[in-house]
Amino acid sequence: MKIVIAGGFGVGKTTFVGSVSEIEPLRTEALMTSASEGVDDLTLLPEKSGTTVAMDFGRRTFPGAVLLLFGTPGQDRFWFMWDELTEGAIAAVVLADTRRMEDCFPAIDYFERRGTPFLVAVNVFPNAHAYDTDEVHTALDLSDHVPVMLCDARDRRSATDVLVHVMNLAIDHAHAIRPTVQGAFA
Ligand SMILES: Nc1nc2c(ncn2[C@@H]2O[C@H](COP(=O)(O)OP(=O)(O)OP(=O)(O)O)[C@@H](O)[C@H]2O)c(=O)[nH]1
Ligand SMILES: [Mg+2]
């Protein structure tokens with residue numbers, strides 16, 4: 001099963017894939033230099049030194065399912081890669097940072113438009129205000145069927161919990177559309 005880990009710049013996508021992957025993840029990090037000053041806002045991310053310029057790739061096996069994890073690049077200037085990167089994905093995780101909530105809107109719009117099942121996982125940064133999941137759901141104006149979770153992308157157990165939820169979401173979605181598919185060939 002292909003799962004996409006998406007979200008805005010610096011929200012923790014690479015960290016998430018690294019936490020849950022059972023293989024050494026493939027990363028395409030480029031060192032951030034003064035050339036991106038004024039473009040990439042690092043005010044809230046003092047420790048960040050690299051940024052994804054193509055994708056992250058990891059793998060995680062559960063009983064009966066192998067998840068192939070594709071992390072997107074976060075910046076708008078890499079949007080042109082999204083269609084290829086997300087092709088064939090059965091579900092997505094949209095990571096959000098409540099200090100910069102609006103940064104996850106493009107990813108939410110993208111998966112809504114494509115009809116890809118997704119959930120929103122708030123990566124809780126220590127100095128961020130603690131909102132509960134209902135508040136985030138309302139703030140993002142999400143459909144009722146889109147779950148919201150809180151997580152710590154650095155923590156394997158927490159990030160794994162997100163993966164289990166997104167896997168179940170994908171399975172539910174597949175069951176929901178199967179009668180339509182069968183009907184088409186009847
Ligand atoms: N405190 C805290 N820091 C985090 C967390 N997740 C990631 N970080 C840090 O935040 C920064 C951004 O993480 P990345 O994983 O590179 O974010 P990204 O979404 O892949 O970034 P781009 O690929 O540039 O869009 C890094 O310095 C991480 O160490 C978290 O849950 N809590
Ligand atoms: Mg990254």
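**Questions on burial, pairing and a ligand shell**

Reader: Which residues of helix α3 (residues 105-114) are called buried, and what makes them so?

Author: In α3, the buried residues are Ala 107, Ile 108, Tyr 110 and Phe 111. A residue is called buried if 20 or more other C-beta atoms, placed from the backbone, lie within 10 Å of its own; with 12 or fewer it is exposed, and in between it is partly exposed. α3 is a helix because helices are DSSP runs of H or I with at least four residues, while strands are runs of E with at least two, both numbered from the N terminus. This is a predicted model, in which local features need pLDDT of at least 70, side-chain atom pairs count only at pLDDT 80 or more, and totals for chains, interfaces and linings use all residues. Residues are numbered from 1 along each chain as its sequence is written, and chains are lettered from A and ligands numbered from 1 in the order in which they are written.

Reader: How do you know where the buried residues of α3 lie around its axis?

Author: Seen down that axis, they fall within an arc of 160° (taken over the directions from the axis to the C-beta atoms), so they line one face of the helix. On the face turned away from this buried side, α3 carries the exposed residues Asp 109 and Arg 113.

Reader: Against which elements do the buried residues of α3 pack?

Author: They pack against β1 (2-7), α2 (82-86), β6 (91-96) and β7 (118-123), where contact requires C-beta atoms, placed from the backbone, within 7 Å.

Reader: Why is β1 described as largely enclosed?

Author: Five of its six residues are buried, so the rest of the structure largely encloses β1.

Reader: What makes β1 and β6 a pair?

Author: Strands pair if DSSP finds at least two bridges between them; β1 and β6 have five, in the parallel sense, and therefore count as a pair. Here Val 4 stands opposite Ala 92 in β6. β1 is also joined to strand β5 (residues 65-71) by four bridges, again running parallel, with Lys 2 opposite Leu 68.

Reader: Why is Ala 54 called buried, exposed or partly exposed?

Author: Ala 54 has 16 other C-beta atoms within 10 Å, so it is partly exposed. Its place is in the loop between β3 and β4 (56-62). Leaving aside residues up to four places away in sequence, Ala 54 touches Thr 28, Pro 73 and Met 81.

Reader: Which residues come nearest to ligand 1?

Author: Of the 20 residues around ligand 1 (C-beta atom, placed from the backbone, within 6 Å), Gly 12, Thr 14, Thr 15, Thr 52 and Gly 74 come nearest. Two or more residues of this shell come from each of α1 (13-20) and β3 (50-52), and α1 gives the most, with three.

Definitions and conventions: Two residues are in contact if their C-beta atoms, placed from the backbone, lie within 7 Å.
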